[in-house]
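Student: Could you take me through how the helices pack in this one, and go slowly over the contacts? Please pick up the loops and cysteines around them on the way.

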Amino acid sequence: MISIILSLYNSGRYADKLAARILRVAKSLENKGAEFEIIAVLNNPVGKELKFIAKLKDKSWFKYAVVDRETVFASWNRAVRMARGEVIGFWNADDTRFADAIIDGFNLIKNGADLVYFPFHIVWVLRFGPVAAPVKYRHISPPAYDKQEFTRSMHCGPFFMISKDFYNRVGPFDEQFKISGDFDWCVRAAKLSDKFVLSKKNAGIFNVDGRGLSAGANPRLLAENDIVCKRYGITNKI
């Protein structure tokens, strides 16, 4: 089984599109005969987030938990504990995922990979009040796996998938981080495994509108990346 995990907080502006994207991916996965579940952890949900739950709660493949506010990585750990799947993937509220890549990631892990990472698109969006328009596009083609490089840089991207057994070997995400916990985890993971596999399937679209946690100018992102670099001796990137 595949378990796709979401952590949501203050995500009402994305809720309608996210629900539609989830329903589209779920239909495609069902048509392909995949066994899957989608798990959402909602932090203090209000407004459109409650409507998001209402749209999906009757689906047999949908599970959710409502919690007091916690970090995204605390929610990811919580959802992994809830997951029945032997393969885990992650989905950010403002991004688009493609079902073909999810299936490919599952198959690669079943064939021996510990972690699968993907090519993907980045779209930069400029907002004019309530109107959003894409202004820049880039295709990201990650490098082939090299242990030395992957223990010093974040090449796994936002759409990586892992086996639950491997998650248990690496340990949970560090819940102290608000942004760079995936970078920290992937560095630890690369130190333990040579079984990182690059899929040929495009995983999805990473949308950047300047309001997400990982927006490039966010000073906390820079500070947390420095903490990861200091933790693992990546001194030339501090």
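Tutor: Let's start with H1 and H4, which are oblique to each other; keep in mind that this is a predicted model. H1 covers residues 12-31 and H4 covers residues 99-110, and their axes cross at roughly 50° and come within 9 Å. Why oblique? Angles under 35 degrees would count as roughly parallel and 65 to 115 as roughly perpendicular, so a crossing of roughly 50° ends up as oblique. As for handedness, H1 passes H4 in a right-handed crossing. On the H1 side the contact uses Val-25, Ser-28 and Leu-29, and on the H4 side Ala-99, Ile-102 and Ile-103. Sorted by class, the residues in this contact of H1 with H4 are five nonpolar, one polar and no charged.

Now follow H1 over to H2, residues 48-56. Here the axes come within 8 Å and cross at roughly 15°. That makes H1 roughly parallel to H2, since the cut-off for roughly parallel is under 35 degrees. The crossing of H1 and H2 is right-handed too. H1 brings Gly-12, Ala-15, Asp-16, Leu-18, Ala-19, Ile-22 and Leu-23 to the contact, while H2 answers with Lys-48, Glu-49, Phe-52, Lys-55 and Leu-56. The class split for H1 with H2 is seven nonpolar, one polar and four charged. Charged residues are absent from the contact of H1 with H4, but here they include Asp-16 of H1 and Lys-48, Glu-49 and Lys-55 of H2.

While you're at this end, look at the loops that lead into these two helices. Asn-10 sits in the loop between strand E1 (2-9) and H1, and Asn-44 sits in the loop between strand E2 (36-43) and H2. What is odd about the phi of Asn-10? Although Asn-10 is not a glycine, its phi is positive, at about 50°. Asn-44, not a glycine either, also has a positive phi, about 45° in this case. The reason to stop at them is that most residues other than glycine have a negative phi. Asn-44 is partly exposed, because its relative accessible area of 38% falls between the 20% and 50% limits.

Next, jump to H7 (residues 181-192) and H8 (residues 219-231), which pack at an angle of about 20° with their axes 9 Å apart. So these two count as roughly parallel to each other. H7 passes H8 in a right-handed crossing. Phe-183, Asp-184 and Val-187 are the H7 residues that meet Asn-225, Val-228, Cys-229 and Arg-231 in H8. By class, that contact of H7 with H8 has four nonpolar, one polar and two charged residues.

Is Gly-181 in H7 buried or exposed? Gly-181 is found in H7 and counts as buried, because its relative accessibility is 0%. Leaving out residues up to four places away in sequence, Gly-181 touches Phe-73 and Phe-173. Its C-alpha is 9.7 Å from that of Ala-74, although the two residues are 107 apart along the chain. For contrast, try Leu-222 over in H8. That leucine is partly exposed, with a relative accessible area of 49%. The C-alpha atoms of Leu-222 and Tyr-167 are separated by 26 Å, with their positions 55 residues apart along the chain.

Last, the cysteines. How many disulfides does a search of the whole structure find? The count is zero. Cys-186 is in no disulfide, though the sulfur of Cys-156, the nearest cysteine sulfur to it, is 3.6 Å away. Why doesn't that pair count? The cut-off puts the two sulfur atoms within 2.5 Å, so 3.6 Å misses it. Cys-229, which you met in the contact of H7 with H8, has its sulfur 14 Å from the closest cysteine sulfur, that of Cys-186, and that is too far for a bond. Both of these cysteines are tucked away: Cys-186 is buried at a relative accessible area of 3%, and Cys-229 is buried at 4%.

Conventions:
Residues numbered from 1 in each chain as written. Predicted model: local features only at pLDDT ≥ 70, side-chain atom pairs only at ≥ 80, totals over all residues. Heavy atoms only, no water. Buried < 20%, exposed > 50% of the residue type's maximum accessible area, 1.4 Å probe, protein only. Axes fitted to C-alpha atoms, helices over the stretch in contact; angles between N-to-C directions. Helix = DSSP H or I, 4+ residues; strand = E, 2+ residues; numbered from the N terminus. Parallel < 35°, antiparallel > 145°, perpendicular 65-115°, else oblique. Left-handed = near helix turned anticlockwise from the far one by under 90°. Contact = heavy atoms within 4.5 Å.
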